[in-house]
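Take a walk through the structure below. Begin with one helix, then step back to the chain and its partner.

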Amino acid sequence: MRVLQIIETAYRATIEEQDDTVVYMTHALHGAGATESVLLRGNAVNYAVADQDASGLRFGTWRQSEPPRIAADVASLLEKHVDVFAVVEDLEERGLREEMLIRGIKTLPRGELAGLLERFDQIWHW
Amino acid sequence: MADRTTLTFLLMDAPFENARTTTAFRLLQAAVSRGHNVNVFAYEGAVALPFIRQRGHANPVHGRDAAQEDHPLPRNWVAELLRLAGEQGTKLDWVNCGLCVDERGVEEAVEGTRRGAPAEFWKMAVSSHNTLVIATK
């Protein structure tokens, strides 16, 4: 069974979770034998950006020693041969240029989404 | 039993936060009432849905005490759906994401639910006719 994980809502408690819970789930299911791809759309296209830094959170004397590293978690999916797509128009609206993205991420225009979705047995929209 | 439809739902919203939760429970009830086998994987905040320490409260704005207010509690909805599934002779398998439970300290859950890892969700999905993810937005 081939599943497309569509991530649309970005940075949902990522500081507290130390990761994105859907990216985490994608890794976990891959480990369980799932065949998956990821589509980043809406605000979540920012997950495709290579140079993200969420470090530095402090409350009083407490400081976060292990911040989320979303770009590394996405790059790690690519290393596991999980395809990661991002919607071109959503990138452009946010001023995110191709050279800012993690190497290996595939971009596609909205007009090609239907064709992409046809390639999967199930679509899970997060 | 073998020819029953099996449906898997992933729930993600915490209780008392979103109307999606009520809608999700209505879908679960519809599936169970129609004799379908149902799997639920409660992820992130949704693991608090069957937390047994949920308590109703009085509502001063309504001018009612706790008994009069009869506050809806999702833990009761989970218990009732489990009871309904038993009555229908269908399966309702409710699995709480274990790490999500630990993060929130809500391990005391309604009897009949259990904890599991995301791999459990994958097993549910591949053994189901279809899967619906109802995510937090």
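Helix α3 of chain A covers residues 70–79. Helices here are DSSP runs of H or I with at least four residues, strands are runs of E with at least two, and both are numbered from the N terminus. Ile70(A), Val74(A) and Leu77(A) of this helix are buried. A residue is buried if 20 or more other C-beta atoms lie within 10 Å of its own, exposed if 12 or fewer, and partly exposed in between, with C-beta atoms placed from the backbone. The three buried residues sit on the same side of α3(A), because they cover an arc of only 50 degrees around the axis. That arc is taken over the directions from the helix axis to the C-beta atoms. The background is simple: an α-helix has 3.6 residues a turn, so residues three or four places apart point the same way.

What covers these buried residues? The cover includes α1 (14–17), α2, β2 (35–40) and β5 (84–87) of chain A. The face of α3(A) turned away from the buried side carries exposed Ala72(A) and Glu79(A). After α3(A) comes His81(A), with a positive phi near 65 degrees.

This is a predicted model, in which local features need pLDDT of at least 70, side-chain atom pairs count only at pLDDT 80 or more, and totals for chains, interfaces and linings use all residues. Residues are numbered from 1 along each chain as its sequence is written, while chains are lettered from A and ligands numbered from 1 in the order in which they are written.

Now the whole chain. Chain A has five helices and seven strands. From the N terminus, their order is β-α-α-β-β-β-α-β-α-β-α-β. Its radius of gyration, over C-alpha atoms, is 15 Å. The globule rule (2.2 Å times the number of residues to the power 0.38) gives 14 Å for 126 residues, so chain A is as compact as a globular protein of that length. Of those 126 residues, 31% count as buried.

Next, the partner. In chain A, 14 residues are in contact with 11 residues of chain B; contact means C-beta atoms, placed from the backbone, within 7 Å. On the chain A side, α2 (21–31) and β7 (122–125) each give two or more residues. α2(A) gives the most, with four.

How confident is the prediction? The model scores ipTM 0.84 and pTM 0.90. Chain B averages a pLDDT (the predictor's confidence in each residue, from 0 to 100) of 95, and 99% of its residues score at least 70.

Definitions and conventions. Two residues are in contact if their C-beta atoms, placed from the backbone, lie within 7 Å.
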